[in-house]
Amino acid sequence: MKSKPESTVYQFPKSRIGTIDVCEIGNKKHHVTALLEIDVTLSRERLKEYKSNRREISFNAWLIKVISHTIGTNKSVAGFLKGRRKIIVFDHVNVSFLIEKEINGERIPLPVLIEKANTLDIENIARQLNESKKEKPSQNQIVIQKEATPFERLYYYLPAFFRRAIWRYMLRHPKTVFSKMGNVAITSLGMYGKINGWFIPISIHPICFGIGSIVKKPVVLDDKIEIREVLNMTVLFDHDVIDGANATRFMKALIRNIEDGAYL
């Protein structure tokens, strides 16, 4: 008589339901993916000098500042498709940044919404990130530092087709998405360990950044090979709202700002 295989059953976290729905909807968006290598040797040196002046900031806080400010001067890259023939572009940049939190003994990603990030200084962004890391979220929270409404708590108990219909409805109303989830998504897996490669996220946002690891690589500078610190970054663009030329101009500006250590 065969013995039954040993196994353990875990409770499915509620936030994972939202992740599955976002992946289902995000897979249907027309995102174009760019894989970037950015030399951050100079910017990391400037960051160390900046932090030596007793300023409690992190690399991620500075990176959010650079990304949001660069988008603030190229707002069209974070525009939403409205209907079939209109694009809505917001004046500010609301960033949804994923932070890993522990709920009922399990570590899960939850977004913190940094509103008007393009107008904030690095210290303010760093403070919001630190406060979000310290906060103990409830099982029903969808966004850190924001209590879920009764309707949002009901969301987890709805059938899949109804939940995804809600997402499709929201995406047809960009102002709702902007206020709830922002117009820019950033997820940083590089802070959990060094991996020499890229990861490609799935997002419903018009522009999304996947921040990878910083690794040492040989780089050609002035016809000489030097060992430099290089950041692996993935960028998703919604091709429905921006074409390749504008996306390229934005990436050139972003790479220049990151490599120069802008705002430090």
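1. Start with C23: this cysteine counts as partly exposed, since its relative accessibility is 27%. Keep in mind that we're looking at a predicted model.

2. Could C23 be paired up with something? The closest cysteine sulfur belongs to C208, and at 11 Å from the sulfur of C23 that is too far for a bond. The cut-off for a disulfide is 2.5 Å between the sulfur atoms. The total for the model is zero disulfides.

3. C208, then, is in no disulfide either, with the sulfur of C23 as its nearest cysteine sulfur. As for cover, C208 counts as buried because its relative accessibility is 3%.

4. C208 is also among the residues that T234 touches. T234 sits in strand β8, which covers residues 224–238. Buried or exposed, T234? Buried, because the relative accessibility is 0%.

5. What surrounds T234? Leaving aside residues up to four places away in sequence, the contacts are T33, A34 and L35, then W198, F199, I200 and P201, and finally C208, F209 and G210. With F199 there's a polar pairing too: a polar atom of the T234 side chain is 2.9 Å from the F199 backbone oxygen.

6. Three of those T234 neighbours, L35, W198 and I200, turn up again on the outside, where L35, W198 and I200 make a nonpolar surface patch of about 310 Å². W198 is in the loop that links β6 (184–188) and β7 (207–221). With a relative accessible area of 37%, W198 is partly exposed, whereas the T234 it touches is buried.

Technical notes: Residues numbered from 1 in each chain as written. Predicted model: local features only at pLDDT ≥ 70, side-chain atom pairs only at ≥ 80, totals over all residues. Heavy atoms only, no water. Buried < 20%, exposed > 50% of the residue type's maximum accessible area, 1.4 Å probe, protein only. Helix = DSSP H or I, 4+ residues; strand = E, 2+ residues; numbered from the N terminus. Polar contact = N/O pair within 3.5 Å; in protein donor to acceptor, adjacent residues only side chain to side chain. Contact = heavy atoms within 4.5 Å. Patch = residues over 30% accessible without salt bridge, like charges linked within 9 Å, V, L, I, M, F, W, Y side chains within 5 Å. Areas by Shrake-Rupley, 256 points an atom, 1.4 Å probe, with all protein chains shown as cover. Salt bridge = Lys/Arg side-chain N within 4 Å of Asp/Glu carboxyl O.
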